[in-house]
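Open the model in a viewer and keep the selection tool at hand. The stops below begin at the ligand and end with the whole chain.

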Amino acid sequence: MSASRSTGRVVALCGGVGGAKLAYGLQHILGSDLTLVVNTGDDFDHLGLRISPDIDTVLYTLSGLANRELGWGRQDESWNFMQALAALGGETWFQLGDRDLAIHVERTRRLQTGETLSAITASIAARLGIQARVLPMSDHPVRTVVATSEGVLPFQRYFVERRCAPVVNKISFDGAAKARACSQVLSALHDPDLRAIIICPSNPYLSVDPILSVPGMRLAIENAAVPVVAVSPIIGGKAVKGPTDKIMAELGVPATSRAIAEHYGELIHGLIVDHADEEDRKTTRCTVHAAASLMKTDEDRIRLAGVALDFAGNLATDIAVAARRRGR
Ligand code: FO1
């Protein structure tokens, strides 16, 4: 643990595969001092089951159960349920492995008893031996909807069934206005021991914006008065995985780390970019730190998490010095 690395509690916003990888690295360093706020905009009801893909990707990744090749679902999986469902003419465009099925069935059962998504998630995380706190952004439904050249599509229909082919015109978050942030999320952001907020290298438009769309979330982050560090999901003008660069092009935004910084605007104090994007440092308002940000191995995840925490620690010093200069 290097001197400048922020000790104390950390909140990280994450969704999708890239986010879960950095969450793994952060948990390795911080253990139960890490609170993960996970996107639930991708959630949907399918085959009578409530599916929460980003929560499950985080749970599987942090417990070592994740299928590293696919980026979602579990390793050591079998597909008997899917084969039997296909034989009955059921919908198989969204693949549910036999072991993965258990989490959807159990979550749906417990939700039907009135239990909250956050309570169910905490109980499953404990059973999987996960030390970090894993929290949905809200216990109320928020659903990412993608207005495309082929009409308005619920997220999974766009992302999985249509494989992100339709051109994106607009992304919205149904239910956000009525949703409330999970209470433990707000208390984690108000925690006096909070030292940093990390925005993981998730798709800003599909995975982070839904979290920020929950009323009060952005304000709670700003009022936390700790360094906010984002890790760019773009390396050398390309998304590491998923449709981020395609969506940015379709939204008329250049696929650069600078554009990521501009998207987050005043919310962030620092941005970590890959060495390939070192050039962005000059033209970006916030402080930029270049690091090797491609996470292939667990060691990569832990190293990048350490870089993010050190960077936040150094920014904290800069922010404290600037505040003292302003006489606050
Ligand atoms: N993504 C796919 O591309 N194809 C699938 O069949 C698929 C199934 C699936 C099942 C459970 C789950 O938790 C995730 C699944 N995903 C699948 C990934 C999912 O669409 C994405 O992880 C998120 O929604 C976006 O990050």
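Start by selecting α6, which gives the most to the shell around the ligand, with four residues. Helices here are DSSP runs of H or I with at least four residues, strands are runs of E with at least two, and both are numbered from the N terminus. The model is predicted, so local features need pLDDT of at least 70 and side-chain atom pairs pLDDT 80 or more, while totals for chains, interfaces and linings use all residues. Residues are numbered from 1 along each chain as its sequence is written, and side-chain values use heavy atoms, without hydrogens and water.

Next, add α2 (53-62) to α6 (155-161); each supplies at least two residues of the shell.

Now show the residues around the ligand, meaning those with a heavy atom within 4 Å of it. There are 13, and Asp42, Asp54, Phe94, Gln95 and Gln156 come nearest. By class, the shell has seven nonpolar, three polar and three charged residues.

Which ligand atoms should be labelled for polar contacts, that is, pairs of N or O atoms within 3.5 Å? Label oxygen atoms of the ligand:

- An oxygen atom lies 3.0 Å from a polar side-chain atom of aspartate 42.
- A polar backbone atom of glutamine 95 is 2.9 Å from a ligand oxygen.
- In glutamine 156, a side-chain N or O atom is 2.8 Å from a ligand oxygen.

Switch to a surface view of the ligand. Alone, the ligand exposes 530 Å², of which the protein buries 92% (Shrake-Rupley areas, 1.4 Å probe).

Finally, zoom out to the protein chain, which has 12 helices and 14 strands. Its C-alpha trace spans about 70 × 40 × 40 Å along the principal axes. The radius of gyration of the chain is 19 Å, which agrees with the value near 20 Å for a compact globule of 328 residues (C-alpha atoms; 2.2 Å times the number of residues to the power 0.38).

Terms used
Polar contact = N/O pair within 3.5 Å; in protein donor to acceptor, adjacent residues only side chain to side chain. Nonpolar A, V, L, I, M, F, W, Y, C, P; charged D, E, K, R; others polar.
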